[in-house]
Amino acid sequence: MTVPRRAVRLLDGAIDLHVHVRPSVRNRRADGREVVEEASAVGMRAVLLKDHDRSTVADAWHANTGGSSADAFGAVCLNAPAGGINPAAVEAALRMGARAVFLPTDSARNDGAFWRAHLGNGARHAAVGEEPRRWTAELDALDASGPVPAILDVIDLCAASGALVCTGHLSADEVTVVVDECAARGARVLVTHAPMFTGAAPGTMAKWAAAGALLELVAILCCGGPSLPTSVRRSYAADATLIDEIGASAFVLSTDLGQAGNPAPAEGLGLFVDGLLGEGISADDIAVMTRLNPAMALGIGAAA
């Protein structure tokens, strides 16, 4: 694992809110304990573990028994295997210590539309590293009258427990409603990989930030392996421009890494930081996006 020299000191105390781990139906490179050990080796403070198909609360518990200086936090993702937008799954995960709830990702109707637009029918599975499934779902966060009732239940559960709501792969219209409901109900919210699945313009993202949301930029789109199509990739320059336009106080830098064949998440975060430094983003702004804002999102407070 190699981290660019000028990024090394900026990983000290950093928190990655988007790391994929094994076991998984997708091909992952490391389990939770291995991820935490790698994060600890570069001085990171914490990682939020994610899987599209199951809760990672147990993974985090196991990782935290290994003696590493970095902490692991667990989450639950509300795709078809969790029963969809299922408050019962959320309630159980939160009682066991989950610190975040991801709204539908690969079970979101918008996810299917996104991949069909970029890859055509049937090619998504190769791009994301999984076998085609017999049992799938296309879930919506909105219906004709507004947010589906279960979404509001999930937000209320997160607000009561202090957990982070992550918007998953929802569309821009769905994200707008979720952000507004989180503001009204007192829940913290992160717009996951904000420019990608939403397709939102900078002005829309700025409105989400003004309503209290944090916006996530992810390393995988800049420095991941070759499986992702060119049409979804982003440059360091594009992300730096977005940060300059909206302001670093609105963003978190995560990796969305953990896939076999991609850099280790800790290494990927270093590459991301180095790339943004090269585009003129200051070390102070990097610290806001990798330390302060992720800590606020998890409700764990600034590091001593």
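Q: Which residue in β9 is the bridge partner of valine 165?
A: In this predicted model, valine 165 has valine 189 as its bridge partner in β9.

Q: How do you know that β8 and β9 count as paired strands?
A: Two strands pair if at least two bridges are found between them. Strand β8 (residues 164-166) is joined to strand β9 (residues 189-191) by 2 bridges, so the condition for pairing is met. The two strands run parallel.

Q: How do you know that β9 and β10 pair as well?
A: The requirement is again at least two bridges, and β9 and β10 have 2 bridges in the parallel sense, so they also count as a pair. Across from leucine 215 in β10 stands valine 191.

Q: What makes β4 and β11 edge strands of their sheet?
A: These strands belong to an open sheet of 6 strands in the order β4-β5-β8-β9-β10-β11, with parallel pairing. Both β4 (75-77) and β11 (251-254) have a single partner strand, so one side of each is left without a neighbour in the sheet. Direction ignored, neighbouring strands of this sheet are turned by 25 degrees against each other on average.

Q: Why is strand β10 described as largely enclosed by the rest of the structure?
A: A residue is called buried when its relative accessible area is under 20%. In β10 (residues 214-218), 5 of the 5 residues are buried, so the strand is largely enclosed. Both of its faces are covered, with Leu214, Glu216 and Val218 buried on one side and Leu215 and Leu217 buried on the other.

Q: Why is histidine 193 called buried?
A: Histidine 193 has a relative accessibility of 2%, while the cut-off for buried is under 20%, so histidine 193 counts as buried. Its place is in the loop between β9 and α9 (202-210).

Q: What makes the phi of histidine 193 noteworthy?
A: Most residues other than glycine have a negative phi. Histidine 193 is not a glycine, and yet its phi is positive, at about 25 degrees. Aspartate 256 is another such case, with a positive phi of about 60 degrees, and it sits in the loop between β11 and α12. Aspartate 256 has a relative accessible area of 11%, which is under the 20% limit, so this residue is buried too.

Q: Why is aspartate 153 called neither buried nor exposed?
A: Buried means under 20% and exposed means over 50%, with partly exposed in between. Aspartate 153, which lies in helix α7 (residues 149-161), has a relative accessible area of 39%, so the middle term, partly exposed, is the one that applies.

Q: Why is the peptide bond before proline 23 singled out?
A: Most peptide bonds are trans. The bond from arginine 22 to proline 23 is cis, with omega near 5 degrees. Proline 23 is found in the loop between β1 (15-20) and α2 (32-41).

Q: How do you know that the length of α12 fits what is expected of a helix?
A: The helix has 14 residues, and it reaches 20 Å from its first C-alpha to its last, which is close to the 20 Å expected at 1.5 Å a residue. Moreover, 12 of the 14 residues of α12 are buried, so this helix is largely enclosed by the rest of the structure. The buried residues include Pro265, Phe272 and Leu277.

Q: What makes the contact of α12 with α13 mostly nonpolar?
A: Val273, Leu276 and Leu277 in α12 meet Ala283, Ile286 and Thr290 in α13. These residues divide into 5 nonpolar, 1 polar and no charged. The axes of the two helices come within 10 Å and cross at roughly 145 degrees, and the crossing is right-handed.

Q: How do you know that β2 and β3 pair?
A: At least two bridges are needed, and strand β2 (residues 46-50) and β3 share 3 bridges in the parallel sense, so they qualify as a pair. Valine 47 has alanine 72 in β3 as its bridge partner. On this sheet packs α2, which touches β1, β2 and β3; α13 packs on the sheet as well, touching β1, β2 and β3, and its direction makes about 70 degrees with that of β1.

Note on methods:
Residues are numbered from 1 along each chain as its sequence is written. This is a predicted model: local features need pLDDT of at least 70, side-chain atom pairs count only at pLDDT 80 or more; totals for chains, interfaces and linings use all residues. Side-chain values use heavy atoms; hydrogens and water are left out. Axes are lines fitted to C-alpha atoms, for helices over the stretch in contact, and angles run from 0 to 180 degrees between N-to-C directions. Helices (H or I, at least four residues) and strands (E, at least two) are DSSP runs, numbered from the N terminus. A crossing is left-handed if the near helix is turned anticlockwise from the far one by less than a right angle, and right-handed if clockwise. Contact means heavy atoms within 4.5 Å. Ala, Val, Leu, Ile, Met, Phe, Trp, Tyr, Cys and Pro count as nonpolar, Asp, Glu, Lys and Arg as charged, and the others, Gly among them, as polar. The expected span of a helix is 1.5 Å times one less than its number of residues. Buried means under 20% relative accessible area, exposed over 50%, partly exposed in between (1.4 Å probe, protein chains only).
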